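Dear colleague,

Please find the structure below, as agreed. My account of what was found in it follows directly after.

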Amino acid sequence: MREIQTFFKEEEDGRARAVISEADNGWLINYYDTRGSLISSETHVGKSLQYAEDAAENWALGIKVLNG
């Protein structure tokens, strides 16, 4: 799976990140905490790269909250 882009979220204990990769018919976003542990994944099938970038950026800015 080819990584396309990474977004970073500054937190008190370090830097968390969201990594966008190509997926079948869409995009996969993996969200990692400041220790590098995977905390959540989303697959956006049939959506544009811009859609996935907006989702990752919204998380990095604190607009989007992950629920699991």
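Helix 1 lies across strand 1, strand 2, strand 3 and strand 4, and runs at about 15 degrees to strand 1. Please bear in mind throughout that this is a predicted model.

The sheet

The four strands form an open sheet in the order 1-2-3-4, with antiparallel pairing. Strand 1 and strand 4 (38-45) are the edge strands, each pairing on one side only. On average, neighbouring strands of this sheet are turned by 15 degrees against each other, direction ignored. As general background, strands of a sheet pair through backbone hydrogen bonds, either parallel or antiparallel.

Strand 1 (residues 3-11) and strand 2 run antiparallel and are joined by eight bridges. Within this pairing, glutamate 3 stands opposite serine 21 of strand 2, and glutamate 11 has glycine 14 of strand 2 as its bridge partner. The connection from strand 1 to strand 2 is a hairpin through two residues.

Strand 2 and strand 3 also pair in the antiparallel sense, here over seven bridges. One of the bridge pairs is formed by isoleucine 20 and isoleucine 29, the latter in strand 3. The hairpin of strand 2 and strand 3 has two residues between the strands, and asparagine 25 in this hairpin takes a positive phi near 60 degrees.

The nonpolar core

In soluble globular proteins, nonpolar side chains tend to be buried together. The largest nonpolar core in this model has 12 residues in all: Phe7, Ala16, Ala18, Ile20, Trp27, Ile29, Tyr31, Ala52, Ala55, Ala56, Trp59 and Ala60. Strand 2 (14-23), strand 3 and helix 1 (49-60) are the elements that give two or more residues to this core. Helix 1 gives the most, with five residues.

Isoleucine 20, one of the core residues, deserves a closer look. Not counting residues up to four places away in sequence, isoleucine 20 touches Arg2, Glu3, Ile4, Gln5, Phe7, Trp27, Leu28, Ile29, Leu49, Ala52, Glu53 and Ala56. Among these contacts, Phe7, Trp27, Ile29, Ala52 and Ala56 are likewise listed in the core.

Asparagine 30

Is asparagine 30, in strand 3 (residues 26-32), buried or exposed? Its relative accessibility is 15%, and asparagine 30 therefore counts as buried, the cut-off being under 20%. The side chain of asparagine 30 makes a polar contact with the side chain of serine 41, at 2.5 Å. Leaving aside neighbours within four places in sequence, asparagine 30 is in contact with Arg17, Ala18, Val19, Leu38, Ser40 and Ser41.

Salt bridges

How many salt bridges does the structure hold? There are five, and three of particular interest are described here.

In one of them, the side chains of arginine 2 and glutamate 22 meet at 2.9 Å, N to O. Arginine 2 lies in the segment before strand 1 and glutamate 22 in strand 2, so this pair ties together parts that are 20 residues apart in sequence. Arginine 2 counts as exposed, at 53% relative accessibility, whereas glutamate 22 is partly exposed, with a relative accessible area of 34%.

Another links arginine 15 and glutamate 10, whose closest N and O atoms are 2.8 Å apart. Here arginine 15 counts as partly exposed at 47% relative accessibility, while glutamate 10 is exposed, with a relative accessible area of 55%.

A further salt bridge brings together the side chains of glutamate 42 and lysine 64, at 2.9 Å from N to O. Since glutamate 42 lies in strand 4 and lysine 64 in the segment after helix 1, the pair ties together parts that are 22 residues apart in sequence. Glutamate 42 counts as buried at 18% relative accessibility, and lysine 64 is partly exposed, with a relative accessible area of 23%.

With kind regards

Technical notes. Residues are numbered from 1 along each chain as its sequence is written. This is a predicted model: local features need pLDDT of at least 70, side-chain atom pairs count only at pLDDT 80 or more; totals for chains, interfaces and linings use all residues. Side-chain values use heavy atoms; hydrogens and water are left out. Buried means under 20% relative accessible area, exposed over 50%, partly exposed in between (1.4 Å probe, protein chains only). A polar contact is a pair of N or O atoms within 3.5 Å; within protein, one must be able to donate a hydrogen and the other to accept it, and residues adjacent in sequence count only if both atoms are side-chain atoms. Contact means heavy atoms within 4.5 Å. A nonpolar core is a set of buried Ala, Val, Leu, Ile, Met, Phe, Trp, Tyr and Cys residues joined through side-chain atoms within 4.5 Å. Two strands pair if DSSP finds at least two bridges between them. Axes are lines fitted to C-alpha atoms, for helices over the stretch in contact, and angles run from 0 to 180 degrees between N-to-C directions. A salt bridge is a side-chain nitrogen of Lys or Arg within 4 Å of a carboxyl oxygen of Asp or Glu.
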